Structures are given as structure tokens and as C-alpha cells.
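Let's take a walk through this structure together, going from a few loop residues to the packing of helices. Please keep the 3D view open as you read.

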Amino acid sequence: MSPEGAVRRRIDIPLLVIGLLVAVPLILLLALSFGRDPRAVPSVLVDKQAPTFSLRSLDGEEVSLEALRGKPVVLNFWSTWCVPCKQEHPVLQSAATRYDDKVAFYGVLYSDEPVKAKAYLKRAGSTYPTLVDPAGKIAVDYGVAGVPETYFIDENGVITHKQVGPVDWALLATLLGAP
Amino acid sequence: MTAGRRALRVLWILLAAALLLGWMDATAAGGIEEAPAMEGLPDDLPPPGPPPAFDQVESLTYTIASGLRCPVCQGLSVADSPSPTAVAMKDRVRELVTAGYTEDQIDDYFVARYGEWVLLSPPVQGLAWLLWLGPAVLLGLVLAWAVAVGTSWRREPDAVPLPSDVGLIPKDPYEEQLLRELEDDLP
């Protein structure tokens with residue numbers, strides 16, 4: 001093989017520049033966009049102060065978030081017409097008993113009638129209070145899109161995690177530690 | 001005469017004092033009355049401005065809700081969706097409008113909770129500028145290129161020497177013969 005035999009490639013500089021100008025931004029844009037889930041509703045409230053509320057429970061007890069300061073709070077938005085809520089119901093109920101002295105569990109009824117919720121809880125069991133949120137005001141304050149959604153609030157009233165969809169034991173153990 | 005004037009002056013002073021006291025009383029009462037109106041409003045919002053006229057509340061609510069994306073729908077605004085979430089959001093918009101918040105403040109309230117995603121027409125910033133200006137810039141470039149190419153096509157190809165005339169290609173005998181015969185045929 002002689003050096004004269006080597007193929008000398010001729011590079012068209014302007015064409016290369018134009019090609020790169022088109023290709024590089026396109027690849028970057030696709031690389032950035034494909035990683036995203038178009039259905040995911042991003043949560044912007046994490047690491048922010050949890051919106052305060054003062055609501056009445058199904059039993060008529062007045063509950064305000066400020067009064068719960070000093071203890072982590074698990075706030076679960078649910079309704080009786082929601083199937084995944086029924087799926088996570090036993091997990092949350094037994095978790096509330098196990099984390100009894102460490103964490104305060106509260107349910108918030110979302111777009112449902114208190115009568116139906118009372119009947120359901122009588123059947124399925126209830127170990128923590130469910131609060132009634134008339135007109136979904138507090139749900140909107142928390143940026144709730146649908147049920148179930150669960151907010152983990154630390155002892156300083158800061159939201160540490162928002163769970164969209166049912167809660168399971170693995171998640172509770174990760175976020176709250178061993179019961 | 002002087003006694004009468006003095007009496008009149010005293011009367012004036014008393015009247016002014018009464019008016020002043022009355023005004024202070026009214027403002028104090030107003031201040032106390034306004035406070036409970038804030039109840040139930042989110043705690044991260046600044047104090048609202050003057051509330052809109054009663055007959056404007058619904059149209060303002062509709063305008064603002066039309067610009068918010070319903071989180072549980074596919075491509076519907078909060079104003080157009082009958083879903084519970086959208087209804088709750090619309091109720092919140094109406095409440096904030098009634099309290100005297102502006103469209104920008106209400107948009108900020110929802111962005112703080114649902115993210116920029118919630119706005120159907122997000123503000124143009126960062127990469128979004130590329131989306132808005134990119135096509136216009138590309139169109140401009142293509143037009144400029146087309147104009148440049150178009151004008152060069154129109155130019156008369158006069159005084160362009162043939163390759164053979166310049167001496168780039170050696171004339172072969174057949175070509176020479178052909179050209180000679182063609183010249184002979186011309187009138």
C-alpha cells in the first residue's frame with residue numbers, strides 16, 4: 001500500500017456547517033424531549049411550604065394543618081368512586097396504626113358526598129380521620145389533578161413528596177422509615 | 001355682635017371636630033369589616049385589589065379558566081371540561097376573581113401549584129423563543145436564497161466563452177468539421 005493510493009476525502013466545509021447547524025439542535029431537542037412522559041403532571045409543590053387549611057372531618061372535628069406542626073403528616077386525597085383508592089385503603093389504614101405515634105395520617109374527601117364516604121369507611125374500616133373539602137378548594141390549593149394523590153409533609157410543614165396513584169408499603173418505608 | 005360671632009366660631013369648631021371624629025370612626029369600622037373577607041384565600045397570595053363589578057365576575061372567570069389546562073383531560077381547558085377537577089379549579093378562579101385578584105395573579109397561583117404546564121399559552125422564554133422565531137428565520141433564509149438564485153438565472157448568458165474557446169478542451173477534427181459545416185449552412 002503506497003501513500004499515493006490513499007483516498008483523499010474532500011470535505012465540503014459550508015455543507016458540513018449547514019448540516020451540523022440543522023442536525024445538532026434537532027438531536028438535542030429530541031434527546032431532551034424523549035426522556036419526558038407527556039402524561040406526567042409535574043409537581044412543583046415539592047420542597048415548598050404546604051398550603052395551610054382548616055377543615056372539618058366526617059365526624060365534625062375541626063382540623064388545621066398548623067396545629068399538626070411538629071409531626072410529619074400524610075395527606076391522602078381520595079373518593080369512593082376511585083378504584084385505586086380502594087386498593088391503597090388497607091395499606092394506609094394499617095400504616096396509620098403502625099406509625100401511630102410518629103406520623104399523623106389524614107384523608108381528604110375529593111369530589112364526593114360525605115354520606116357515601118361514611119358508609120364506605122364503616123364497611124372498609126377507618127383508623128384515621130377523613131376531612132371534607134367543600135368545592136375541592138383545598139385540593140386545588142395542593143394542585144391535585146385526580147385521586148388518589150398523597151402528600152408527605154414533614155414536621156416543619158414542607159412537602160417532601162407527592163405520590164400520584166396508590167401508595168404501597170415500599171414507598172411508605174422509604175419516605176417515613178421503619179414503623 | 002362680637003358675642004354672636006364668638007358663638008358662631010365655637011359652633012364651627014364643634015362641627016369640624018364632630019366631622020373628624022365621625023370620619024375616623026368610619027375608617028376604623030371599615031378596617032375591621034374588611035378583614036373577614038380574606039378568610040379561605042390561599043396564604044401565599046398578596047392582598048387582592050378592588051373587586052370587579054358583579055356582572056363582570058362570570059366573564060372574567062370564563063376568560064381566565066379558558067387559559068388554564070384541565071389536568072385530567074386531553075387538550076381541554078378548565079372552562080370547557082365538566083370533570084370534578086376542572087369544576088373545582090373553576091370555582092377557585094371565580095372565588096379569586098370575586099376577591100379582586102387580577103388574571104396574572106390567578107395564573108401565578110395555578111402555576112405555583114400545577115407548574116407552567118397548566119397555562120394553555122405559556123410565556124415565551126428560553127427554548128420557546130426558538131419555536132417562535134425559528135420558522136420565521138428559516139423562511140427568511142430560504143427566501144433570500146431563492147431571490148439570489150432567481151436573479152442569477154435571469155441574467156443573460158452573454159459573453160460566456162465556450163470551453164473550447166478558452167482552450168480547456170483540445171479541439172478534435174470532428175468538432176472542427178461540424179462547426180465549419182454549420183457555419184456554411186447559415187444564411
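A good place to begin is A:Ser111, which sits in the loop between strand E4 (104-109) and helix H3 (114-124) of chain A. Helices here are DSSP runs of H or I with at least four residues, strands are runs of E with at least two, and both are numbered from the N terminus. The phi of A:Ser111 is near 50 degrees, a positive value in a residue other than glycine. With 37% relative accessibility, A:Ser111 counts as partly exposed; buried means under 20% relative accessible area, exposed over 50%, and partly exposed in between (1.4 Å probe, protein chains only).

Before going further, a word on the ground rules: this is a predicted model, in which local features need pLDDT of at least 70 and side-chain atom pairs count only at pLDDT 80 or more, while totals for chains, interfaces and linings use all residues. Residues are numbered from 1 along each chain as its sequence is written, chains are lettered from A and ligands numbered from 1 in the order in which they are written, and side-chain values use heavy atoms, leaving out hydrogens and water.

Another backbone feature is found at A:Asp47, in the loop between helix H1 (13-34) and strand E1 (54-57) of chain A. A:Asp47 is not a glycine, yet has a positive phi of about 75 degrees, and its relative accessible area of 62% makes it exposed. Look also at the peptide bond from A:Val147 to A:Pro148, which is cis, with omega near -5 degrees. A:Pro148 belongs to the loop between H4 and strand E6 (149-153) of chain A.

Now turn to A:Thr130, in strand E5 (residues 130-132) of chain A. A:Thr130 is buried, at 4% relative accessible area. Its side chain makes a polar contact of 3.3 Å with that of A:Trp78. Such a contact is a pair of N or O atoms within 3.5 Å; within protein, one must be able to donate a hydrogen and the other to accept it, and residues adjacent in sequence count only if both atoms are side-chain atoms.

Which chain B side chain forms a polar contact with A:Asp141? The partner is B:Arg92, at 2.9 Å. A:Asp141 lies in helix H4 (residues 137-141) of chain A and is buried, at 3% relative accessibility. Leaving aside residues up to four places away in sequence, A:Asp141 touches residues including A:Leu45, B:Pro42 and B:Tyr109, where contact means heavy atoms within 4.5 Å.

That brings us to chain B, whose secondary structure comes to 7 helices and 0 strands. Of its 187 residues, 20% are buried. The axes of helix H3 (residues 84-99) and helix H4 (residues 103-114) of chain B come within 10 Å and cross at roughly 140 degrees; axes are lines fitted to C-alpha atoms, for helices over the stretch in contact, and angles run from 0 to 180 degrees between N-to-C directions. H3(B) is therefore oblique to H4(B), given that angles under 35 degrees count as roughly parallel, over 145 as roughly antiparallel, 65 to 115 as roughly perpendicular and the rest as oblique. B:Arg92 appears again here: with B:Met89, B:Val93, B:Leu96 and B:Val97 in H3(B), B:Arg92 meets B:Ile106, B:Tyr109, B:Phe110 and B:Tyr114 in H4(B).
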